[in-house]
Amino acid sequence: MKVLILGSGVIGVTSAYYLARAGHEVTVVDRQPEPALETSFANAGEVSPGYSSPWAGPGVPVKAVKWLLMKHGPLVIRPKLDPVMWVWLLKMLRNCTSARYAVNKSRMIPIAEYSRDCLRDLRRDIGIQYDERAQGTLQLFRYQQQLDGTAEDIAVLKQYGVPFEVLSREGCIAVEPALAGVKEKFAGGLRLPQDETGDCHMFTQALARHAEALGVRFMFNTGIDRIVTDGARVSGVATSAGMLQADSYVLALGSYSSRMAAPLGISLPVYPVKGYSITVPIKDASGAPESTVMDESYKVAITRLGNRIRVGGTAEISGFSTKLYDARRATLDHSLTDLFPRGGDLSKATFWSGLRPMTPDGPPVIGPTPYANLHLNTGHGTLGWTMSCGSGRVLADMLSGKKPEVDVSALNVDRYAHRFG
């Protein structure tokens, strides 16, 4: 079967690789000159199934007010005269109940756990390297009140069989020795030992080369104009290189997927939530993190990637703008220098922003559409890197007529037909 994939981020490339491995003839189209140059380029680097949770939770509306008032708050809203933004926010608020949170999380954990296992299989099968580490994630609590409030999170981890460790201050230092110099700044932590880290951009580019070796064709510097339909099927995709045709089509354009789907009558509530990162060369290895440390107060992830430190955070709702704001960098700088003051050389840091494709309920959208030969693989939010391999493998199984190894029926776009959309 000929398959045309729209988008060459980590989701598009993993889809291409698994489809090619299954024997299909695959073409990937993207406006960029290389794979993984947008949202997949400089994310926080976490492969964290244990933290696969919806942003929409029962305490979020109250917390959001506090975050908006903090100097280094993790949430920023830049209001626009954009009804799509406000409808998306309202849908998210409607999902901020205990019942909806439980349902949505139950839909996210299985694909995230499966994806991590697929990633491990890839490392074994093709020897792919991407500054990977498998040393867990440490959620660091600056205040005892935060540590005392972990009971609900721990209950969820137990429910899904996710291994965890509640650590004292000394326990945190045992897994992250560089924290010894700032031990007065935190009370303890929650560690997920099975989580991993790695450079998503490095991974995606390497996997694209493996995909090419399997026969995948990449068409870069190619603008995607619209999807053309004929009745209940897609007949082609209009691009700057002309009309491209295939037997099946996969929409994996991240935040831009909803814009491409709307003219087809597909209601896909994927909206961009901007995140920021800095990448800092390591100055003193003994002062740098060993894996990922989540600074719970500022919702900032500090991750070691080879000889670099990646610091990522902020949820900024501001449409499709990728403008860099110095105030957002100040938050990242503060978290890094406060916890790992000797680790990195901030004078040589690079500053980046990317658009996370968020759904209002949290889970991604994977599966068929009302058009028989069009499938979706999008809406992964902050978890695109975490869920990428599993999502690509599941999609390849679907298009190959095989039953996926993990149940993703609840991730279908049809779930937005109900009132919680």
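I began with Leu68 and looked up its exposure in this predicted model: the residue has a relative accessible area of 41% and is therefore partly exposed, since that class covers values between the 20% bound for buried and the 50% bound for exposed. I then placed Leu68 in the secondary structure and found it in helix 2, which spans residues 60–69.

Next I asked which residues make the nonpolar surface patch of about 310 Å². I noted Val65, Leu68 and Leu69 as its members, and I recorded that an accessible area of 41% for Leu68 passes the cut-off of over 30% that patch residues have to meet.

I moved on to helix 11, residues 384–399, and looked for a bend along its axis, which I found at Gly390 with an angle of about 30 degrees. I also checked how far helix 11 is covered, and I wrote down that 15 of its 16 residues are buried. Following the chain onward, I came to Gly401 just after helix 11, where phi is positive at about 80 degrees.

My last entry concerns Pro404, which I located in the segment after helix 11. Is Pro404 buried or exposed? I class Pro404 as buried because its relative accessibility is 18%, which falls under the 20% limit. When I set aside neighbours within four places in sequence, I found Pro404 in contact with Val394, Asp397 and Met398. I also looked up the separation between Pro404 and Asp195, which stand 209 residues apart along the chain, and their C-alpha atoms are 23 Å from each other.

Terms used: Residues numbered from 1 in each chain as written. Predicted model: local features only at pLDDT ≥ 70, side-chain atom pairs only at ≥ 80, totals over all residues. Heavy atoms only, no water. Patch = residues over 30% accessible without salt bridge, like charges linked within 9 Å, V, L, I, M, F, W, Y side chains within 5 Å. Areas by Shrake-Rupley, 256 points an atom, 1.4 Å probe, with all protein chains shown as cover. Salt bridge = Lys/Arg side-chain N within 4 Å of Asp/Glu carboxyl O. Helix = DSSP H or I, 4+ residues; strand = E, 2+ residues; numbered from the N terminus. Buried < 20%, exposed > 50% of the residue type's maximum accessible area, 1.4 Å probe, protein only. Bend = angle between axes of the 7 residues up to and from the residue. Contact = heavy atoms within 4.5 Å.
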